[in-house]
Amino acid sequence: MKVSFLNIKSINDCHRKELHAALDRVLDSGWLVLGKEVESFEREFAAYCGVEHCIGVGNGLEALHLVLRAWGVGAGDEVIVPSNTYIATWLAASYTGAVPVAVEPDPVTFNIDPARIEAAITPRTRAIVPVHLYGQSADMDAIMRIADKHGLKVLEDVAQAHGARYKGRRTGGLGHAAGFSFYPGKNLGALGDGGAVTTNDPLLADRIRVLRNYGSRIKYHNEVIGFNSRLDELQAAFLRVKLSTLDADNTRRQQIAAAYQSGLAGSELQLPAVPEWADPVWHLYVVRTRQREVLQQKLGTLGVGTLIHYPIPPHRQAAYVSLFSETSFPLAEAMADEVLSLPMGPHLTDVEVETVIRALRGSF
Ligand SMILES: *Cc1c(COP(=O)(O)O)cnc(C)c1O
């Protein structure tokens, strides 16, 4: 039996009828950019996250970038980011002209370690961008305390954690603003690219609305040098369909994670650690082992698909080599060598989950 790492086709197949109806609705309206579907999705997703404002944008990277822009972050500034994250978190800072300053993770949760943040703060620091990595919230109270003390903004990167909670509160409303991605493989995935900013700050929300649309509030009147970064009507209509089952999908992910946690307990793998205040939505289920290469190969021959998130940390990418060739982040580097993501998603059946556990148990 083959178990695919992720099956986006089967996830979207469950919604086929509703997705077709959404397409028809948009076709019938004749309105394709910045219309009723985007407005409705923004209202519905803001309510879901428990925030005042949601602004649909082109993708997750743009969501992060536009918030930093709107805050006036730019050349000469520094933005604190995790050393182990998808490169988009760093690129958002770079887009503004600021320098990403990396902070190493807590080796148990893999999320940015609040205890290491203050040492990275300089007079140039403007913002902290914690990532709720793999679907589990960073320690936001600790991060907000540091930010308040130093007068910094906090931008949550929620690209992997739609619906996750921290001390009972939904991610996306825990900092000063948040950036979401609706890339097809995320917990809430569109049928193409999409993203959103959430915030309780009405002035920021207004600035993002202007920035995403050519710096314009009134057609052909451009207040600032803006961007073309809009969530389109079709993707918004699709996202409204998929938002209706996000909680159910996340619950299924939690069941699968629980099965992995108990089925793999006592094995040689380092399993994900969940602090008592976290309520993760398991975008990824990531184990850690020194025998990663061998294990991945063995699982492959047994038909179990796995991936590595991420094989090269941002500071080791060619894109950043000129900035960071002298710098080493040993925790991020060790993770890149040792992490392995197991099949995860609402599409997985109990039998498939059992197959993965048995394959892993037989691989040591
Ligand atoms: C996916 C992702 C992004 C970027 O989202 P896009 O929609 O692909 O631009 C940003 N940060 C993290 C942590 C991600 O996983």
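Let's start with the lining of the largest cavity: its residues divide into 11 nonpolar, 5 polar and no charged. This is a predicted model, so please hear everything that follows in that light. The cavity itself has a volume of about 170 Å³. Of the 16 residues that line this space, Thr109, Tyr134, Gln136, Pro272 and Ala273 are the closest to its centre. If you have the structure open, those five are a good place to click.

How many cavities of 30 Å³ or more does a search of the whole structure find? The count is 3. I'll show you one more of them. About 90 Å³ of space lies in the second largest cavity. Its lining has 13 residues, and nearest the centre you'll find Asn84, Thr85, His309, Tyr310 and Ala332. Which helix gives the largest share of that lining? That's α12, residues 330-338, with 3 residues. By class, the lining of the second largest cavity comes out as 10 nonpolar, 3 polar and, once again, no charged residues.

Keep Tyr310 in mind, please, as we turn to the pockets. The largest pocket has a volume of about 580 Å³. Among the 28 residues lining this pocket, Tyr86, Ser181, Tyr183, Lys186 and Tyr310 are the closest to its centre. So Tyr310 appears twice in this talk: close to the centre of the largest pocket, and nearest the centre of the second largest cavity together with four other residues. Two helices, α4 (60-70) and α5 (88-96), each supply at least two residues of the largest pocket's lining. The classes there are 15 nonpolar, 9 polar and 4 charged.

Now for the ligand. Where does the ligand sit? In the largest pocket, the one I've just described. There are 14 residues around the ligand, with Gly60, Asp157, Gln160, Ser181 and Lys186 the closest. Ser181 and Lys186 should sound familiar, as both are also among the residues closest to the pocket centre.

Let me walk you through three of the contacts. A polar side-chain atom of Ser181 is 2.6 Å from an oxygen atom of the ligand. With Lys186, an N or O atom in the side chain lies 2.8 Å from a ligand oxygen. Gly60 makes its contact through the backbone: one of its polar backbone atoms is 2.8 Å from an oxygen atom of the ligand. As for burial, the ligand taken alone exposes 380 Å², and the protein buries 91% of that.

Helices α4 and α5 come back here too, as each supplies at least two residues of the shell around the ligand. That shell divides into 6 nonpolar, 6 polar and 2 charged residues.

Last stop, the second largest pocket, with a volume of about 460 Å³. This pocket is lined by 20 residues, and Leu34, Asn213, Ser216, Arg217 and Arg230 lie nearest its centre. The elements giving two or more residues to that lining are α3 (36-49), α7 (202-212) and β10 (216-218). Which of these gives the most? Helix α7 does, with 4 residues. The class split here is 8 nonpolar, 4 polar and 8 charged. Set that beside the largest pocket, with its 15 nonpolar, 9 polar and 4 charged residues, and I think you have a nice pair to look at on screen.

That's my tour, thanks for listening!

Note on methods. Residues numbered from 1 in each chain as written. Predicted model: local features only at pLDDT ≥ 70, side-chain atom pairs only at ≥ 80, totals over all residues. Heavy atoms only, no water. 1 Å grid on protein atoms, 1.4 Å probe; cavity = no way out; pocket = protein on both sides within 12 Å on 5 of 7 lines; lining within 4 Å. Points joined across faces, edges and corners; volume = space filled by probe spheres on them. Nonpolar A, V, L, I, M, F, W, Y, C, P; charged D, E, K, R; others polar. Near = heavy atom within 4 Å. Polar contact = N/O pair within 3.5 Å; in protein donor to acceptor, adjacent residues only side chain to side chain. Areas by Shrake-Rupley, 256 points an atom, 1.4 Å probe, with all protein chains shown as cover. Sits in = over half its atoms within 2 Å of the grid points.
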